[in-house]
Amino acid sequence: MSRVDLLPRLKTIGVSHLLQDSNGAPPEPERVLEIIGENSPFVWFAASGGTAGNDLPSEFARGLRDIASRCGYPGENSQKARADFDREAAIWLGSHPSLQSGELLRDDVWAFLTTALLPKIVEWRYPERNHERYAGGVRNTFQRLWMRGVTLDLGEGHADRWVLVRELSEDAMVQIFERAAISSDARLSRAIARSWVDIAGLIGRGRMEDVMRRATIFIRVRNQVIDLAHLDDDDLAAEIAHAFNASIGSETGN
Amino acid sequence: MSALDLYSEPFAKTGNIAAEGFRKLLGRPAMNLLQTVIREALQNSLDAAQNGDGPEVLLRTRVLNEDEVRVLRSQVFARRPEGERHADLSEALDNGPIRVFEIADFGTTGLGGPTRADAPTDGEEDLDFVNFMRNVGAARDTHQGGGTYGYGKTSLYALSGCSTIFVDTQARERGQSVRRAMGCRIGEAYDAGSGSERRRHTGRHWWGRDDGEGGVDPLEAGEAVAISAALGLPERTTAREGTTIVIIAPIFDEQSDVRNDLIETVLWNFWPRMCRSTAQEKRLALRLEIDGEVVVVPDPEDFPPLDLFARALEGARHGDEAKAITSIRPRKHLGQLSIRRGARADRHVSALRKRSVIPKQSAHIALMRPVELIVKYVHGEPFPDGRFEWAGVFICSDEEEVEQAFADSEPPAHDDWVPQNLPTGAAKSYVNIALTRLSEEAKTYANPLGATGGGNERGPSLASTASIMGKLLEKASATGPGRGGGGSRGGVKKLKSLSAPRFVRLEMADGVRTAIFEADLVNDKSDPKLRIVAEPYIVIDGGMAAAADASVAFDGQVTRMALGVLQGTSGALEVGFNEGTVICHVPMPESAAVGVKLFLKEG
Amino acid sequence: MKRRIAFPFLTLPDEVVGFCGWMIGDPGQPLLKAEDCLEGWDYERDIEVNARLKPDFEAIAEALDLNKEDVALTVVLKGGTGAGTMPRRVERLAGASLTEEQPEVDLGAVIGSERLSGRLRLEVSILLEKAPVAPGPLSPMLVGARLWTDRKDILLEDGGDARFPIEVISFAEAFRDPGISFAPWFIHWRVGALDGDFGGSVRVYVNSDDLVTSERFVNGDPATLQAILGDVMSQLISAVVRMDDADDHLAECSEGSVGEQVRRWMDMAFPGRSARSILSVLEATPGRFHSAILAAARVGGEE
């Protein structure tokens with residue numbers, strides 16, 4: 001195992017400063033440097049445990065900027081362009097070998113990468129400029145995509161490694177990744193995603209939003225009393241299918 | 001050969017020590033009897049080692065064959081003491097087979113010197129024979145040696161079912177080789193004789209050859225060789241000097257397993273002298289024979305946890321990863337402590353028994369002087385992780401003043417360091433300070449942080465503050481009103497309050513799976529129409545389902561509520577001025593967890 | 001452990017499980033009892049953990065209303081990491097079956113630290129392994145049924161991921177507003193964001209320029225912490241109870257959110273009262289309102 005690349009961490013209050021000072025608009029690079037330049041009280045690194053001062057942040061910024069450009073940034077801002085970006089960025093983040101360490105589970109790391117390095121892309125992706133898209137957390141512009149990538153990756157040997165990332169709707173992603181009880185268990189997340197693809201093929205994507213929402217609730221209720229992670233693949237798939245069927249059943253019942 | 005002569009010692013006008021008193025000299029036994037015997041006998045053997053090589057010791061149990069029994073009965077102990085109180089002797093000698101336990105050493109000086117206590121001495125010659133066979137409690141004059149005769153040997157008699165031993169020794173007197181054999185018994189005091197001849201006897205008896213003065217001397221030369229050979233004792237020549245002690249009819253505990261008792265006793269008490277790294281001149285070569293079977297005694301290195309002790313001993317000897325134990329005032333280096341730790345290795349088969357003296361998880365410091373005989377072990381705190389153990393060795397400094405202090409603090413059995421044995425002064429402080437420091441080390445080695453208070457050296461870390469403040473998160477509502485503002489703390493008037501509900505049990509009620517909850521109501525009696533409302537909810541992700549998730553229908557309703565005599569069959573109960581424990585019955589869905597939310601509703 | 005929720009089947013009380021506590025340390029070294037934080041951790045220091053159970057099998061069978069032969073259970077050890085009330089990533093570390101023949105279950109694992117982040121949440125559970133043949137009416141039936149669980153949350157890195165989000169910084173450097181720079185502490189939170197994760201949304205900053213307060217704070221002085229926590233609770237509770245439909249808003253908040261936490265604090269300071277009735281306390285007797293909260297904010301000290 002190579003050493004962990006330590007990444008800069010931006011404190012919550014630093015995020016607020018950057019956004020406040022620019023009146024809601026993404027901060028200009030000069031502003032960013034002014035606020036979080038050298039000796040900033042808002043940026044810090046882990047004291048030990050890896051290599052700081054690596055090229056990873058700039059590589060990260062370059063990689064995502066390239067993807068955004070291919071998807072139309074900064075000129076084109078259609079829904080399709082944004083969806084393309086989400087998909088491609090999730091795959092890139094999920095497969096980057098240096099982005100697998102515990103550093104990437106830290107909100108303050110994402111706050112830095114997002115607010116300090118790529119605020120313009122955030123504005124392009126989310127013109128409404130919500131604070132939560134800059135700050136670290138499950139709704140951070142890039143952190144959410146990274147979670148999708150690393151979790152839904154079916155592995156290098158798989159014939160269609162990124163099928164789940166490509167196929168799932170935004171709403172389905174949110175149902176999985178904004179619920180730590182599900183997203184913390186990668187196998188469970190993938191099982192639900194697979195079921196989603198199967199069911200969507202049967203009943204059409206249009207009906208899936210409601211069906212998925214109820215199904216994930218059924219699954220979470222069930223997971224409270226039985227440990228779904230303990231089931232083998234077949235039983236788990238059956239359990240998930242059962243939840244989707246129950247969800248479809250209650251839909252027609254209404 | 002004619003039967004041996006017997007001398008039974010009467011009380012002298014000047015007074016002897018009676019045998020009971022003699023046996024009591026042994027003092028409180030810190031160890032069981034077999035251990036005491038082994039410690040004393042081996043300590044003596046090590047002390048008596050001739051310069052150059054360490055001694056060889058044979059421990060042997062056996063049952064005498066017919067010829068040997070005949071010799072023992074008709075020659076050695078043919079003459080018996082007069083009077084009563086000797087039943088134990090005939091019990092042991094005259095009925096059935098006779099077992100013996102032999103402790104034989106070779107390459108030692110044997111029991112030399114004069115054979116009579118009243119022989120004049122020039123102060124040059126050793127008095128080993130006299131001290132061992134005749135006198136009691138005389139300090140043995142080996143420079144910084146470990147043993148004394150006198151006290152320890154009483155244990156030899158105590159181990160015999162008839163308080164009787166037989167001794168064969170190949171030694172020197174005034175430079176000449178001598179061979180001696182003698183029997184000895186230390187029984188109870190008794191009266192014997194009749195009329196004016198009736199006298200009180202001390203209980204001590206010797207079997208040997210009449211010395212013509214009313215006493216007995218040991219058998220010597222050819223006669224001693226012959227009787228020893230006839231009894232089957234280990235062969236001796238002038239080149240194999242040393243002593244064989246035969247304990248007649250040893251009392252081994254019924255349940256005890258002599259073989260393993262001996263192995264672990266010898267190793268636990270003498271391992272520093274048996275390690276592969278022990279210098280030749282200090283090394284104890286031990287052979288063990290149990291009823292005809294030669295038993296292999298493992299090296300300490302192959303007998304966990306002694307492997308760790310052996311490593312610690314190396315460290316203490318060379319000051320390698322060792323800690324100096326020092327006294328500040330007076331400033332003095334007191335010795336080296338070395339501790340080694342490791343994975344807890346599987347025990348040797350002989351140490352697996354329930355009553356084994358070998359600790360299951362070592363957390364001990366072995367105390368010794370540079371002579372490397374174990375005085376005792378200080379018990380410490382074991383690692384909380386049962387897969388690991390530690391072992392320490394402390395060797396006091398060999399500086400004369402320091403070593404003498406420790407030596408002088410030892411009781412006759414050499415099994416402790418007792419500062420109270422010393423007069424007030426530097427020596428006493430040395431021993432006191434060392435023992436205190438060692439006991440601290442033993443207590444804290446396994447968990448150094450916990451013992452020193454941990455947080456003292458913590459710098460600006462916020463971790464502990466964050467944890468304290470974190471108590472207010474998560475668990476908060478589960479702690480009930482006790483800590484909340486609703487109580488009567490600070491003289492504030494009692495407020496109405498209801499604790500968080502607790503789940504009590506699950507039961508079948510009228511065929512329905514039902515959960516019982518309860519909560520505590522404190523009432524300020526200000527509202528005669530006070531009601532409690534209960535709303536069950538489905539648990540998701542450890543908590544209450546959000547409204548967004550409420551599309552998962554849960555139509556569960558509380559089926560029963562009660563407070564004392566008040567009863568209700570719905571989710572609301574009018575309680576008025578009552579207070580106490582509220583009980584709430586909630587029917588359970590098939591595969592979901594359920595909680596209940598309780599509210600106070602004012603009327 | 002007092003339980004707040006009911007399961008639809010019989011579960012195991014702590015007494016029958018015989019859990020010996022969490023052990024933690026460096027791989028291959030003696031493990032120590034796990035504390036709330038592990039000093040000196042970084043990505044290069046792997047961690048070994050261990051959990052041991054000495055279950056009373058007979059009592060387990062009785063608690064589950066099953067014959068002993070019908071009891072098939074598994075013990076599972078999991079490790080979770082990453083910020084948030086629930087860990088962001090959970091992995092199974094070890095498992096073993098719990099049988100009558102085995103008087104002790106010892107579960108241990110070495111965790112590669114490069115995959116850890118900020119905290120380690122350990123969980124050991126006893127699960128149903130096989131559906132029983134002759135169950136009682138309340139016996140667990142489903143494979144994987146959670147019958148008993150114990151958790152331990154261990155902080156790995158200071159400051160950034162502390163259990164209560166706190167930080168000591170120089171206000172002179174951090175705030176350009178001179179009005180704030182002399183305050184002993186500052187509570188960072190945003191009105192209305194009730195659904196955000198508490199750990200990511202609320203943060204207490206203590207002014208390192210104020211030597212007395214910051215030192216007391218770092219040393220965990222109970223009175224200082226009570227004052228600060230009381231302020232946090234007062235600010236949040238006041239804002240929440242003033243919202244229209246506060247109770248409904250709160251009911252919508254999920255586990256670990258700001259709203260959920262505020263709801264619990266309201267329960268502590270004003271047990272059994274609705275947001276509306278707490279608002280009336282705030283408006284009618286503000287002194288009592290704040291004192292009740294301060295009293296509820298007591299931590300540390302004699303506990």
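This briefing describes the confidence, domains, sheets, hairpins and one chain contact of a predicted complex. For the complex, the predictor gives an ipTM of 0.91 and a pTM of 0.72. Chain C has a mean pLDDT of 88, and 95% of its residues reach 70 or more. Most of the points below concern chain C, followed by chain A and two hairpin regions of chain B.

**Chain C: overall form**

- The C-alpha trace of chain C spans about 70 × 50 × 35 Å along its principal axes.
- Its secondary structure comprises 11 helices and 11 strands.
- Chain C has 303 residues, of which 52% are buried.
- Of the contacts in chain C between residues at least 6 apart in sequence, 65% join residues at least 24 apart.
- Chain C is divided into two domains, with domain 1 covering 14–155 and domain 2 covering 166–296.
- Taken over C-alpha atoms, the centres of domain 1 and domain 2 of chain C are separated by 35 Å.

**Chain C: the sheet β2-β1-β3-β6**

- In chain C, 4 strands in the order β2-β1-β3-β6 make up an open sheet with antiparallel pairing.
- The edges of this sheet are β2 (32–33) and β6 (105–111) of chain C; each has a single partner strand, so one side of each is left without a neighbour in the sheet.
- Strand β1 (residues 19–25) of chain C is joined to β2(C) by 2 bridges, and the two run antiparallel.
- Within this pairing, C:M23 has C:K33 in β2(C) as its bridge partner.

**Chain C: the sheet β5-β4-β7-β8**

- Another open sheet of 4 strands in chain C follows the order β5-β4-β7-β8, and its pairing is antiparallel.
- Its edge strands, β5 (89–98) and β8 (146–155) of chain C, each pair on one side only.
- On average, and with direction ignored, neighbouring strands of this sheet are turned by 15° against each other.
- Strand β4 (residues 73–81) of chain C runs antiparallel to β5(C), and 9 bridges join the two.
- In that pairing, the bridge partner of C:V76 is C:G95 in β5(C).

**Chain A: domains and the contact with chain B**

- Chain A is divided into domain 1 (1–154) and domain 2 (168–254).
- The C-alpha centres of these two domains of chain A are 29 Å apart.
- Between them, 6 residues of domain 1 of chain A are in contact with 8 residues of domain 2 of chain A.
- On the domain 1 side of this contact in chain A, the residues comprise 3 nonpolar, 1 polar and 2 charged.
- Chain A also meets chain B, with 10 residues of chain A in contact with 10 residues of chain B.
- Helix α12 (residues 208–225) of chain A supplies the largest share of the chain A side, 8 residues.
- By class, the chain A side of the contact with chain B has 5 nonpolar, 1 polar and 4 charged residues.

**Chain B: strand β23 and its partners**

- In a regular strand, side chains alternate between the two faces of the sheet.
- Strand β23 (residues 560–563) of chain B shows such alternation: B:M561 and B:L563 point to one face and are buried, whereas B:R560 and B:A562 point to the other face and are not buried.
- β23(B) pairs in the antiparallel sense with strand β26 (residues 580–587) of chain B over 4 bridges.
- In this pairing, B:A562 has B:I583 in β26(B) as its bridge partner.
- β23(B) also pairs in the antiparallel sense with strand β24 (residues 566–568) of chain B, here over 3 bridges.
- The bridge partner of B:L563 in β24(B) is B:L566.
- β23(B) and β24(B) form a hairpin with 2 residues between them, and B:G564 in the turn has a positive phi of about 60°.

**Chain B: the hairpin of β15 and β16**

- Strands β15 (residues 363–368) and β16 (residues 374–379) of chain B run antiparallel and are joined by 5 bridges.
- Opposite B:A366, the bridge partner in β16(B) is B:Y377.
- The hairpin of β15(B) and β16(B) has 5 residues between the strands, and B:E372 takes a positive phi near 65°.

Conventions: Residues are numbered from 1 along each chain as its sequence is written. Chains are lettered from A and ligands numbered from 1 in the order in which they are written. This is a predicted model: local features need pLDDT of at least 70, side-chain atom pairs count only at pLDDT 80 or more; totals for chains, interfaces and linings use all residues. pLDDT is the predictor's confidence in each residue, from 0 to 100. Two strands pair if DSSP finds at least two bridges between them. A residue is buried if 20 or more other C-beta atoms lie within 10 Å of its own, exposed if 12 or fewer, and partly exposed in between; C-beta atoms are placed from the backbone. Two residues are in contact if their C-beta atoms, placed from the backbone, lie within 7 Å. Domain bounds come from an automatic or database domain assignment. Ala, Val, Leu, Ile, Met, Phe, Trp, Tyr, Cys and Pro count as nonpolar, Asp, Glu, Lys and Arg as charged, and the others, Gly among them, as polar. Axes are lines fitted to C-alpha atoms, for helices over the stretch in contact, and angles run from 0 to 180 degrees between N-to-C directions.
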